[in-house]
Amino acid sequence: MAGHRRGKPPLLNVALGALGALAALGALAALAACSGTASTGITAVTCGSDSTLTYANFGSAFMTDNCLSCHAARETPRLSTQAEVKSETEQILQAAVYSDAMPSGSSIALAERDLLGEWLACGAP
Ligand code: HEC
């Protein structure tokens, strides 16, 4: 096979270059996620007297779907129980309602952040 050992085909090099650029972008995004991140535009939360959100009908599933892939075991704060979530209310508001720091590496709709804020403002019942 001597004579056939050329370098990588040019197209492959282009693809690898693009991957490298993507990886660099990803690293930047991860950095941004750790260091303050973007505001969501939500600056205050209130508990409407008509709020019907509870841990059973909202909070538990919200945490499972969006947070527990990391916060069940790997990451502090632990957010696996209603009591744990309640005790982290301020931090959760900062990380996932007022800013988009969490969920890290993915995103959730603003409307979902609104609901999370309302539920926490009501005391995470
Ligand atoms: C992909 C993994 C991952 C997911 C999903 C995730 N987190 Fe985190 N979370 C982390 C890591 C890692 C840290 C600690 C380092 C950091 O701040 O980036 C952290 C830190 C936090 C903190 C501490 C304050 C802070 O910003 O450092 C809070 C509060 C938090 N997460 C809440 C949440 C909530 C609420 C969700 C769901 C909406 C969520 N996280 C989803 C990985 C994750």
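**Notebook: ligand shell and two helices**

I began with the ligand and found that α5 gives the most to the shell around it, with four residues. I note here that the model I am reading is a predicted one.

I then looked up which helices supply at least two residues each to that shell, and they are α1 (10-34), α3 (68-71) and α5 (89-98). Of the 19 residues around the ligand, I listed C67, C70, Q91, M102 and P103 as those that come nearest. Sorting the residues of the shell by character, I obtained eleven nonpolar, six polar and two charged.

Next I turned to α2 (55-66), where twelve residues span only 14 Å between the end C-alpha atoms, short of the 16 Å that a straight helix would reach at 1.5 Å a residue. I found G59, F62, M63 and N66 to be the buried residues of α2. They lie on the same side of α2, because the arc they cover around the axis is only 100 degrees. On the other side of α2, I recorded A56, N57, A61 and D65 as exposed. The cover over the buried residues of α2 includes α3, α4 (82-87) and α6.

I read α6 (residues 110-121) in the same manner: its twelve residues reach 16 Å from the first C-alpha to the last, close to the 16 Å expected at 1.5 Å a residue. Its buried residues are R113, L116, G117, W119 and L120. These cover an arc of only 165 degrees around the axis and therefore sit on the same side of α6. Among what covers them I noted α2 and α5. Lastly, I checked G123, which follows α6 and has a positive phi, near 95 degrees.

Notes
Residues are numbered from 1 along each chain as its sequence is written. This is a predicted model: local features need pLDDT of at least 70, side-chain atom pairs count only at pLDDT 80 or more; totals for chains, interfaces and linings use all residues. A residue is near a molecule or strand if its C-beta atom, placed from the backbone, lies within 6 Å of it. Ala, Val, Leu, Ile, Met, Phe, Trp, Tyr, Cys and Pro count as nonpolar, Asp, Glu, Lys and Arg as charged, and the others, Gly among them, as polar. The expected span of a helix is 1.5 Å times one less than its number of residues. A residue is buried if 20 or more other C-beta atoms lie within 10 Å of its own, exposed if 12 or fewer, and partly exposed in between; C-beta atoms are placed from the backbone. The arc is that of the directions from the helix axis to the C-beta atoms. Two residues are in contact if their C-beta atoms, placed from the backbone, lie within 7 Å.
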